[in-house]
Amino acid sequence: MTQSATTRWILIGFQLLLALFVLLPFFWMVSVSLKPATEPFAIPARLWPQAPTLENYVTAFRPEFRTYFMNSLIVSGASVLITVSLGLLAAYSFTRGRLLVITALMGLVVLAQMFPHSAIIIPFYKLMRSVDLLNTYASLILAYVSVTLPVAVWMLRGFLQKLPVSLEEAAAIDGAAPLRIFWEIVVPLARPGIIATSVYVLIVTWQEFLFALSFTSTKDMRTLPVGLNDFIGQYGIRYGELMASSVMVSVPVIAVFFFLQRYFVAGLTAGAVKG
Amino acid sequence: MTSSDQRLVWAFLAPTLLLLGVFLYYPMIGTVIESFYDTSFISPEPRFVGWSVYEKVLSSRAFPEVVWNSIVWTLGVVLLQNLLGFFTAMLLNQGLPAQGLTRALVLLPFVLPGVVTAILWRFMYDPQLGLINSLLIRLGVLQENAAWLASSDTAMAAVIFVAVWKGFPFSMLIYLAALQNVDKSQLEAATLDGAGPVRRLIDVTLPAIKDVVLVNIVLTLILTFNYFDIVWVMTRGGPQNATHIFPTKIFETGFGQFRFGEAATYGVFSILVLTVLVAIYIIVQRSAAARRPAG
């Protein structure tokens, strides 16, 4: 498109403003996390520490933080694994099954992704209490798998629909059993979809707060978001440590996301734009 | 698919259907049932009380506040997030320098965990130590420190701002993908006919992406109405209920005060709101699909 030089400069100005709007809080978070406790960070706020130090990180990486980190890793890791496996199986059936009832069931899956978590949490909590699963990894994994499955099925179905059926038909004519066709043809071809869906489940479960806050009552079972929320009270005004913890919580997901973002963006927008 | 394959289809579906049935659909019904029972910290044994919890909730002072806050919150976030997302998408579709890099950086808030976002912005808004007050005072916009989150006049706007900051990259992604599907030849034809950028936007681009915009707005309405973490961590619904929306009210009533019946009643109201939104979503999507050329 043709742009005059002035328009172009104005647009570049807007783009810089946009970058500032997005990045300033991140910059501030990192900057404060690197400030020594002795250096005041406000009035007037200095944007970058005079003597950057990692001492906040050392203090913030305390045993409880490590426990929360491990808990998050276990719960998110298990959720990604289970959701993506079950989601792939279901999505395969939803794309290859021809019965009308299957289309109707897909509608129910799509509907379930819109359920408000706050509206289902009390019966969910009572259910977990009645089987004695409160304050366990299992309760959180069950919750996370259930709430991420609908979108996972929907994303994976989008990918599977684009795969040519002819390959599977050819394999069937050659006498391959349906399970083998699924495992040896469909799963490898669906790899981009599997990656995109895994990233989605990781992003959602790594930051999940409501279920984790309601289902865990002891420190040894808490995940990072709940632990971080506790730190607000404990650390009081020690923002340096709070920001250092925040950076450590965020870096893993941000890294994974940027490493795999093209898969994720393709998966998300393909479904959302095409409906 | 042969008939033996049909068994495989059902076997593959079974775990997902079972999980969704037990952990999503059953609790939805459970909330409705729960709302007819009274539980409290003193009498933890649920007692059937008919509509009396509804009467209690509806006549409480908090209920109209929560309804009003939810409306302001949802419409505010959705409107601003979609506007900002749309204009960002337009901007990042112009072929400017460092476009790819900017696009990637803009996605950062979307990936930042909700609780981290809330803590970071609590700090940004801190009256004495926060960056916002010191910047605004230095720029001469403010004379003295403002307590953004502690004043009921500004708390809601402050929280909406943060949700928009975190949410607009998602809208941007969707709109960017839609913009890239707009027929280039139509845009060029309009330019040759002498249409300026605004005319091209109104006559060519907007009609072409109308369906995506509508579906995306309804989708963000649903997601925003259900939001919990940012509001809870930043304000816990305060000050004086000024930022209490349905999810925070449900959590506080249920898990803060152990009044499950009342919390469930709020849950039922939010399910009703959601039903309306989902109905709109289905209608919008159906009509969008009908307008799309076959194929």
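Tutor: Let's start with a term: a residue is buried if 20 or more other C-beta atoms, placed from the backbone, lie within 10 Å of its own, exposed if 12 or fewer, and partly exposed in between. This is a predicted model, where local features need pLDDT of at least 70, side-chain atom pairs count only at pLDDT 80 or more, and totals for chains, interfaces and linings use all residues. Residues are numbered from 1 along each chain as its sequence is written, with chains lettered from A and ligands numbered from 1 in the order in which they are written.

Student: What percentage of chain B is made up of buried residues?

Tutor: Chain B has 295 residues to go through. Apply the C-beta count to them, and the buried part comes to 44%.

Student: Which helix of chain A gives the largest share of the side that touches chain B?

Tutor: Contact here means C-beta atoms, placed from the backbone, within 7 Å. By that test, 72 residues of chain A meet 75 residues of chain B. Helices are DSSP runs (H or I, at least four residues), numbered from the N terminus. The largest share on the chain A side is 14 residues, and they come from helix 12 (residues 239–274).

Student: At what angle do the axes of helix 7 and helix 8 of chain A cross?

Tutor: Axes are lines fitted to C-alpha atoms, for helices over the stretch in contact, and angles run from 0 to 180 degrees between N-to-C directions. For helix 7 (residues 165–173) and helix 8 (residues 178–189) of chain A, the axes come within 10 Å, and the crossing is at roughly 145 degrees.

Methods
Two residues are in contact if their C-beta atoms, placed from the backbone, lie within 7 Å. Helices (H or I, at least four residues) and strands (E, at least two) are DSSP runs, numbered from the N terminus.
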